[in-house]
Amino acid sequence: LPAYRRLRATVSELAEETRGTVQLVAEDQGLGIYVYHITAAGGVQSDVHIGKTVHLHTTAAGKAILAHLPEERIEQIIEYRGLPRVTENTIGDKDELLDQLQEIRDDGFSFNNEERIPGQQGVGVPILDEDEQVIAAISVSGPKARVEEDLPNTILTKVNEVELTIKFE
């Protein structure tokens with residue numbers, strides 16, 4: 001509960017700072033579930049609501065989560081849920097997705113390039129616990145033109161603060 005309160009505060013801070021829509025997503029039965037979200041004043045609304053589920057491979061937060069799951073869990077999710085294409089940009093090929101997940105692990109963040117909603121991009125960062133296990137992810141999304149180059153660093157900084165709080169609470 002204290003970690004959830006801190007995460008909500010972080011989501012709100014990021015929304016204000018980025019003028020975007022910020023989501024907190026967790027994995028549940030191989031899907032991403034929106035746990036919390038907020039759209040900043042002037043931000044673009046989308047179909048996101050608390051409790052909505054999406055395929056992990058279609059969102060920045062979902063890919064950040066996938067990249068930090070054990071390999072056997074990734075395989076199970078792909079086998080059970082498949083890789084349905086939601087837009088023409090959605091990754092539908094397992095090998096391509098696995099390559100991208102390795103890049104996400106290397107970089108520490110993920111991108112969503114119109115993979116769930118045409119015209120929308122996003123950046124996602126995993127939230128890891130004290131054992132380096134992924135517990136959720138935060139993403140910031142908005143129109144293509146608004147997703148800035150320094151957005152990954154902004155989110156990484158905020159998530160690092162949250163991870164430290166979770167580890168030492």
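How many nonpolar, polar and charged residues does the lining of the largest pocket have? In this predicted model, the lining comprises four nonpolar, six polar and seven charged residues. The space within the largest pocket amounts to about 190 Å³. A total of 17 residues line the largest pocket, and those closest to its centre are Lys63, Gln100, Glu103, Phe111 and Glu115. With respect to secondary structure, helix α4, spanning residues 94-107, and strand β4 each contribute at least two residues to the lining. The greatest contribution comes from α4, which supplies five residues. Empty space of this general kind is revealed by rolling a probe the size of a water molecule over the atoms.

Strand β4 also belongs to the sheet. Six strands form an open sheet in the order β3-β2-β1-β6-β5-β4, and their pairing is antiparallel. The edges of this sheet are occupied by β3 (53-55) and β4 (110-113), each of which pairs on one side only. From one strand to the next, the twist averages 30°. The edge strand β4 is thus named both in the sheet order and among the elements that line the largest pocket.

Within the sheet, β1 and β6 are adjacent in the strand order. Strand β1 covers residues 21-28 and strand β6 covers residues 134-143, and the two pair in the antiparallel sense over five bridges. At the level of single residues, Leu24 has Ile138 of β6 as its bridge partner.

Conventions
Residues numbered from 1 in each chain as written. Predicted model: local features only at pLDDT ≥ 70, side-chain atom pairs only at ≥ 80, totals over all residues. Heavy atoms only, no water. Pairing = 2+ DSSP bridges. Helix = DSSP H or I, 4+ residues; strand = E, 2+ residues; numbered from the N terminus. Axes fitted to C-alpha atoms, helices over the stretch in contact; angles between N-to-C directions. 1 Å grid on protein atoms, 1.4 Å probe; cavity = no way out; pocket = protein on both sides within 12 Å on 5 of 7 lines; lining within 4 Å. Points joined across faces, edges and corners; volume = space filled by probe spheres on them. Nonpolar A, V, L, I, M, F, W, Y, C, P; charged D, E, K, R; others polar.
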